[in-house]
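Biologist: Could we go through this model together? I should like to begin with the terms and then turn to individual residues.

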Amino acid sequence: MNKPMISVIVPVYNAEKYLQRCVDSILKQSFTDFEVLLIDDGSHDRSGELCDEYGDKDNRVRVFHKENGGVSSARNVGLDNALGDWLAFVDSDDEITSSYLSSMVSYIDDDVSLIVSNCTIVKCGKYYKSHVTMINETISTNEMLVKLLNGVNIRNEVWAKLFKRSFVGKERFPSDIRIGEDLLFLISCCYNSPKMNALFLSNTEYHYFQYEVSAMRIRTDRTTEYEKLIKEVMFRLKNFNDEKAKAQFVIDQIWIILDKYCFKKIQFPSKYDSLIDNSLGKISINSEEKRILWVYTKNKLIAFSLYLVYKIKYKIKNGI
């Protein structure tokens, strides 16, 4: 096939139930100058056979089979073999509307290296607009990096985005990170190319399907994974001079660890105390979560009591 404008990378692992819906939605695009790379990551069901069937009947589809190594290693195979000047990722259990690529491509110009759209969340057969509120605007990738670190108004998955190949460069997904690998990839790309521009769109033509069982719910030590993510981000950004943004990132990850895992088990590890103190010293304490973390370093039981009050107020406020 001739060199396409866009390479669509689809990591596939035991996706037999959803794969046809996903690939068909890609092949039905109104925009036609693209290729599809199906990366079979050692599936045990018929996913690999289905990939081959698509490759046999449509010359836009290229299929790669590999031993199971996780979604990051599968995406990396796609990156290493992609022919397009622009790169898109679609998860094998998601789908895109027929105008998805056309809408994204219409915004390409010489000043833009990354196009970021919103998405539609599909859960239990119902469609919801993502909680992330986006407006059409262009910012530098350095500004985007700060937003990612601050957890501000950006979905940090790599899908629903269109990457210029020069923006990605030699960056690849970390195979040893199982939680936050998309975020780490985006952070690294923005840090390596801070003077490029990212365009944000309010489009919701990417349909992200949420199921009871997902990669995020695979049994793993999530606390350890978040610790690895903190360590890796701080290592990669050791020369990044926005200490406030880096501190905010650390605090956000520690809050996730304590809120979602430790507090639920009534566990109060002290190993985060110095990291919390050091990080809070660089940012203003203007939220209840941060105040609880500050108290946590002084008195675990009082902090836990404040946390319980916080959760009750949260549930009342949101009608849970």
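Modeller: A residue is called buried under 20% relative accessible area, exposed over 50%, and partly exposed in between, with a 1.4 Å probe and protein chains only. By that rule, buried residues make up 51% of the 320 residues in the protein. This is a predicted model, in which local features need pLDDT of at least 70, side-chain atom pairs count only at pLDDT 80 or more, and totals for chains, interfaces and linings use all residues. Residues are numbered from 1 along each chain as its sequence is written, and side-chain values use heavy atoms, with hydrogens and water left out.

Biologist: How many helices and strands does the protein have?

Modeller: There are twelve helices and twelve strands. Both are DSSP runs numbered from the N terminus: helices are H or I with at least four residues, strands are E with at least two.

Biologist: What radius of gyration does the protein have, and what would a compact globule have?

Modeller: The protein has 21 Å, which agrees with the value near 20 Å for a compact globule of 320 residues. The radius is taken over C-alpha atoms, and the globule rule is 2.2 Å times the number of residues to the power 0.38. Along the principal axes, the C-alpha trace spans about 65 × 40 × 35 Å.

Biologist: And what share of the contacts joins residues at least 24 apart?

Modeller: That share is 78%, among contacts between residues at least 6 apart in sequence. Contact means heavy atoms within 4.5 Å.

Biologist: Turning to the interior, which residues touch the most other members of the largest nonpolar core?

Modeller: They are Met-144, Leu-149, Phe-163 and Ile-187, in a core of 41 residues. The largest share of this core, seven residues, comes from α7. Apart from it lies another core, of 36 residues, which includes Val-12, Val-61, Cys-119 and Trp-159. A nonpolar core is a set of buried Ala, Val, Leu, Ile, Met, Phe, Trp, Tyr and Cys residues joined through side-chain atoms within 4.5 Å.

Biologist: What is Phe-163 in contact with, leaving aside neighbours within four places in sequence?

Modeller: With those neighbours set aside, the contacts of Phe-163 include Trp-86, Leu-87, Phe-89, Val-168, Phe-185 and Leu-186.

Biologist: Now helix α3. Which of its residues are buried?

Modeller: In α3, residues 71–81, the buried ones are Ser-72, Ser-73, Ala-74, Arg-75, Asn-76, Gly-78 and Leu-79. Their cover includes β1 (6–12), β2 (34–41), β3 (61–66), β4 (86–89), α6 (165–168) and α7 (181–192).

Biologist: Why does Leu-79 count as buried?

Modeller: Leu-79 counts as buried because its relative accessibility is 3%. Beyond neighbours within four places in sequence, Leu-79 is in contact with residues including Ile-9, Leu-87, Phe-89, Arg-165 and Phe-185. By contrast with those contacts, Phe-263 is 184 residues from Leu-79 in sequence and 39 Å away in space, C-alpha to C-alpha.

Biologist: Where is Ile-251, and is it buried or exposed?

Modeller: Ile-251 is in helix α9, residues 243–262. At 2% relative accessibility, Ile-251 counts as buried. Leaving aside neighbours within four places in sequence, Ile-251 is in contact with Ile-276, Ser-279, Leu-280, Ile-283, Lys-290 and Leu-293.

Biologist: A change of topic: where does Tyr-18 sit?

Modeller: Tyr-18 is in the loop between β1 and α1 (19–27). Setting aside neighbours within four places in sequence, Tyr-18 is in contact with Ser-92, Asp-93 and Tyr-211. Asp-94 is 76 residues from Tyr-18 in sequence, and their C-alpha atoms are 7.7 Å apart.

Biologist: What is the phi of Asn-14?

Modeller: Phi of Asn-14 is positive, about 45°, although this residue is not a glycine. Asn-14 also lies in the loop between β1 and α1, and it counts as partly exposed at 32% relative accessibility.

Biologist: And what is the phi of Ala-160?

Modeller: Phi of Ala-160 is near 60°, again a positive value in a residue other than glycine. Ala-160 is in the loop between α5 (141–150) and β10 (161–164). Ala-160 is buried, with a relative accessible area of 2%.
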